[in-house]
Amino acid sequence: MTAIVDDAYRAINVGKVLCIVSLDLKKAFPSVARVLLLEKLKKACIETQWFSEYLSHRTQLVKGPSGEFSKICNDVWGVPQGSVMGPILFSIFINELPTIPTWCKSLLFADDTNLRIVCYPSAIDTALKKVESDIRQITEYLNSNMLQLNNAKTELIVIGSAYNVRKIGVVSINVNGCFIDLKESITILGMTIDNTLSFKTHIIKMTRNCYAQMAPLFTLRPLVSDKNMIVLIKSLVFSHLYYMSIIWGGANKTNLQLVEKVIRNAARLLTRKGDGIPLQKLFRN
């Protein structure tokens, strides 16, 4: 996320725009071909015996609407989700993907893939044609590895100054026959980015989540000690504020006032007082 925002600011500083295409893979982890994965581990000079055992002898079944279970079947595809090893193995499996695009730079985080290209607003059509060309190459690569691109969930955003964003107008890209329209904001790894980097949409969602977590704590306050309340506030409320704060922390003062209100309400919850309490206490590790 830091790399994406840094590229966006660099583009804005020279009067350009940053085009980002967020790609989505259909059932990415369950679709990994284990035979291909073991071959790629061998090419990376990794001993495969342990991984072969780790991925073997797995079964699955389904439960019907009446509570009956299906026959147990051997599971020969995919890597375990919710495990530490799963994302690592998937990253190794698609490790060649960044070398596929000709024009775009790619950023990968497990199954989250983003393409980005910088251009002047007047050259947006040419840039998007290059993006489409790279997506076709990526689609061929994914198909050769038994993976599939979810065309309908692919998203496009163009980030720039407010003036240059208005100059872009209405544009779209053709992703394997599916036309993807330009969006004003997209969500990447839980972080909502808007086309002018105001972070207003993300801050509004974030502060709403904070208030939703904080509301039950007011009811519990008479029953909870100060020490335990600090733990609850940090884990349930401030965890939302900490997440990617290095990114959205550059928002303007008006948007950041929404965050300040959350902190002040958390302080009132802790001290049972009004304004004027030492807010630093809430930030101690």
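**A walk through the chain, starting at Arg34**

Let's begin with Arg34, which counts as buried because its relative accessibility is 10%, and the cut-off for buried is under 20%. Keep in mind as you look around that this is a predicted model. So what does Arg34 pair up with? Arg34 forms a salt bridge with Asp75, and the closest N and O atoms are 3.7 Å apart. The two partners come from distant parts of the chain: Arg34 belongs to helix H2 (residues 34-43), while Asp75 sits in the loop between strand S3 (73-74) and helix H4 (85-93), with their positions 41 residues apart in sequence. Asp75 itself is partly exposed, at a relative accessible area of 21%. In general, side chains of opposite charge can pair when their charged atoms come close.

Before going further, step back and take in the whole chain. The protein chain has 285 residues, of which 41% count as buried. Its make-up is 10 helices and 10 strands. Taken along the principal axes, the C-alpha atoms fill a box of roughly 60 × 60 × 45 Å. How much of the contact network links residues 24 or more positions apart? Among contacts with a separation of 6 or more, such pairs account for 70%.

How confident is the predictor? The mean pLDDT of the protein chain is 90, and 95% of the residues reach 70 or more. Residues 274-285 are another matter, with a pLDDT below 50, although this stretch has 24 contacts in the model beyond near neighbours in sequence. Read that part with the low pLDDT in mind.

Now back to the charged pairs. How many salt bridges does a search of the whole structure find? The search turns up 6, including the Arg34 and Asp75 pair we began with. Another one joins Lys40 to Glu96, with the closest N and O atoms 3.4 Å apart. Lys40 lies in helix H2 and Glu96 in the loop between H4 and strand S4 (105-109), so this salt bridge ties together parts that are 56 residues apart in sequence. Is Lys40 buried or exposed? Lys40 is buried, because its relative accessible area is 11%, whereas Glu96 is partly exposed at 32%.

A third pair to look up is Asp226 and Arg221, whose side chains meet in a salt bridge at 2.3 Å, N to O. Arg221 is buried, with a relative accessible area of 4%, while Asp226 counts as partly exposed at 41%.

Asp226 also makes a handy signpost, since helix H8 covers residues 226-242. Two packed helices are described by the angle between their axes and the distance between the axes. Helix H8 packs against helix H7 (residues 200-220) at an angle of about 160 degrees, with the axes 8 Å apart. Why call H7 and H8 roughly antiparallel? Angles over 145 degrees count as roughly antiparallel, and about 160 degrees is the angle here, so H7 and H8 fit that description. Their crossing is right-handed. To see where they touch, find Met206, Asn209, Cys210, Gln213, Met214 and Leu217 on H7, which meet Met229, Leu232, Ile233, Leu236, Val237, His240 and Leu241 on H8.

H7 has a second partner, helix H10 (residues 253-271), and these axes come within 9 Å and cross at roughly 10 degrees. That angle makes H7 roughly parallel to H10. On the H7 side the contact includes Ile203, Thr207, Tyr211 and Phe218, and on the H10 side it includes Leu256, Val259, Val262 and Leu269. Met206, Cys210, Met214 and Leu217 of H7 also take part in this contact, and these residues appear in the meeting with H8 as well.

Finally, visit two single residues in loops. Pro101 is found in the loop between H4 and S4, and it is buried because its relative accessibility is 11%. Setting aside residues up to four places away in sequence, Pro101 touches Leu115, Asp134 and Ile138. Lys71 sits in the loop between strand S2 (59-60) and S3. Is Lys71 buried or exposed? Lys71 is exposed, with a relative accessible area of 68%. Leaving out residues up to four places away in sequence, Lys71 touches Gln60 and Leu61. From C-alpha to C-alpha, Lys71 and Glu53 are 23 Å apart in space, and they are 18 residues apart in sequence.

Notes: Residues numbered from 1 in each chain as written. Predicted model: local features only at pLDDT ≥ 70, side-chain atom pairs only at ≥ 80, totals over all residues. Heavy atoms only, no water. Salt bridge = Lys/Arg side-chain N within 4 Å of Asp/Glu carboxyl O. Helix = DSSP H or I, 4+ residues; strand = E, 2+ residues; numbered from the N terminus. Buried < 20%, exposed > 50% of the residue type's maximum accessible area, 1.4 Å probe, protein only. pLDDT = per-residue confidence, 0-100. Contact = heavy atoms within 4.5 Å. Axes fitted to C-alpha atoms, helices over the stretch in contact; angles between N-to-C directions. Parallel < 35°, antiparallel > 145°, perpendicular 65-115°, else oblique. Left-handed = near helix turned anticlockwise from the far one by under 90°.
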